[in-house]
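Work through the exercises below with the structure open. Try each task before reading its solution.

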Amino acid sequence: MTHATHLEKKGIIHWMARWIFTTNHKDIGTLYLCLSGLMFFIAGLMAMMIRAQLLKPGMHLFNPNFYNELVTLHGLIMIFGAIMPGFVGLANWMIPLMIGAPDMALPRLNNLSFWLLPFAFTLMLSTLFMAGGGPNFGWSMYAPLSTTFAPPSTDFVIISIHMMGLSSILGGINIIATILNLRAPGMTLMKMPLFVWTWLITAFLLIIAMPVLAGAVTMMLFDRHFGTSFFNAGGGGDPVLYQHIFWFFGHPEVYIMILPGFGIISEVIPTFSRKKLFGYTSMVLAVGAIAFLSYIVWAHHMFTTGMGSGAQLFFMYTTMLIAVPTGIKVFNWVATMFRGALTFETPMLFAISFVILFSIGGFSGLMLAIIPADYQYHETYFVVAHFHYVLVTGALFTIMAGIYYWLPKWTGHYYNETLGQWHFWLTVIAVNVTFFPMHFLGLAGMPRRVSDYALQFADFNFIASIGAFVLGAAQIIFLVNIILTIRGGKKAPSKVWDGAMGLEWTVESPAPYHTFATAPVLD
């Protein structure tokens, strides 16, 4: 081995060790975002395969069992592999900077909480190649489909979920410890940026919700291998018990994927409106109210399981009540933009589209909250349309807005605005073309999770599939833009949105300003 080769090998080892053993919050944030991007494209490819199967009736590209495996893993990977690590990556990058902390409170724990995830998702994806096939029971893993009739690979999915849950709990502990203990002098709780507030509340949701999921999948494992009958009616158990446990986790999980996005939007809109956020205190209280209510509405997913009318009415009313704090937040965002000096760079476009499209998802959620209506909509494509309008626009759009917003600060270079605009317009058009027709499919009675369908559903399915292909292709522009920004581009000053793009960086919360943004608010 030559001396040059030896030095090169030593350099590669040093580079790998730097990323494997790093405890720097920025490095770990970058690792989370890279993993999130990889999982996003894998789960997105599964979604395009699903829509290819549904392009026309009778396509039969895959057998129904493999189709169900795609549906299951698409949901699990998008939720646990793309959305949650994406938000945690943004939290790792930005929370210490926003509160003036030198790093996360528990740096080694931060490293461990990340490195659990690549192994978890490798294990989950490997189930597709196991004898008997992968998990085929949907992301919600209802018993007895997941206990009595599931393939052997289900056990590996359960272990994978345990690893992901442990990662989330450790990450939540770290975020709480950082925010409560490492704020700069003078930064009281009510002076924190909204993004920090939303993550503080989200971290508590994580710590409470993830052990519930762990309990549910552990009971599944016991039913499968140790002779218990938690969910087996033949042994004195109840399959509906699984639904109660799962949705007691599942509904707060929806808000775990939404609340950090609310924080990002509360950063972006004031900057590009050149105004402070309207109603800071009410926004903080609204986030707290949403988090509290998220724990008492879980059974609105279960109106058709035969619960008593009193319980149904309770869950209907509390579900509708969530619209109040959510409406406060939407009102405050609109009020922030009102009479502001708006400009429409890519982060602002994603923020505005989020406000509009997330509201559409909220309206369809109110429809699903009405018990007699839910009897008609339940397990149809109307539900698929609802939660994709909530999660694609509420989670993915906000992550994209945050990446475009903070990327110049991270890299020292501005992204390509032309590519950003192309990415936005193709994405927002494709999202509506893909998911809006699903409302009509559901109202017409098309059930979800079917690999073939009757002829009367053909036209709307064709439109939705074309939209999905465009949506998938548009994300390549996003990836290219990020790579080009990292490699170089127009230099960004320390006050990122001041100067080069004619914007003034402002803050949404009272002084002190962010540690990297000291520009005064424009009158």
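The exercises cover a nonpolar surface patch and one of its residues.

The model is predicted: local features need pLDDT of at least 70, side-chain atom pairs count only at pLDDT 80 or more, and totals for chains, interfaces and linings use all residues. Residues are numbered from 1 along each chain as its sequence is written, and side-chain values use heavy atoms, with hydrogens and water left out.

**Exercise 1.** Find which helices supply at least two residues each to the nonpolar patch.

Step 1. List the members: F436, F440, L443, F460, F462, I463, I466 and V470 make a nonpolar surface patch of about 660 Å². Patch residues have over 30% relative accessible area and no salt bridge, and nonpolar side chains (Val, Leu, Ile, Met, Phe, Trp, Tyr) are joined within 5 Å. A salt bridge is a side-chain nitrogen of Lys or Arg within 4 Å of a carboxyl oxygen of Asp or Glu. Areas come from the Shrake-Rupley method with a 1.4 Å probe, and for residues only the protein chains shown count as cover.

Step 2. Assign them to helices, which are DSSP runs (H or I, at least four residues) numbered from the N terminus. The helices sought are α15 (417–443) and α16 (458–487).

Step 3. Compare the shares: α16 gives the largest, five residues.

**Exercise 2.** Place F440 in its helix and classify its exposure.

Step 1. F440 belongs to helix α15.

Step 2. Apply the classes: buried is under 20% relative accessible area, exposed over 50%, partly exposed in between.

Step 3. F440 counts as partly exposed because its relative accessibility is 37%.

**Exercise 3.** Check the span of α16.

Step 1. The expected span is 1.5 Å times one less than the number of residues.

Step 2. With 30 residues, α16 has an expected 44 Å, and its 45 Å from first C-alpha to last is close to that.

Note on methods
Patch = residues over 30% accessible without salt bridge, like charges linked within 9 Å, V, L, I, M, F, W, Y side chains within 5 Å. Buried < 20%, exposed > 50% of the residue type's maximum accessible area, 1.4 Å probe, protein only.
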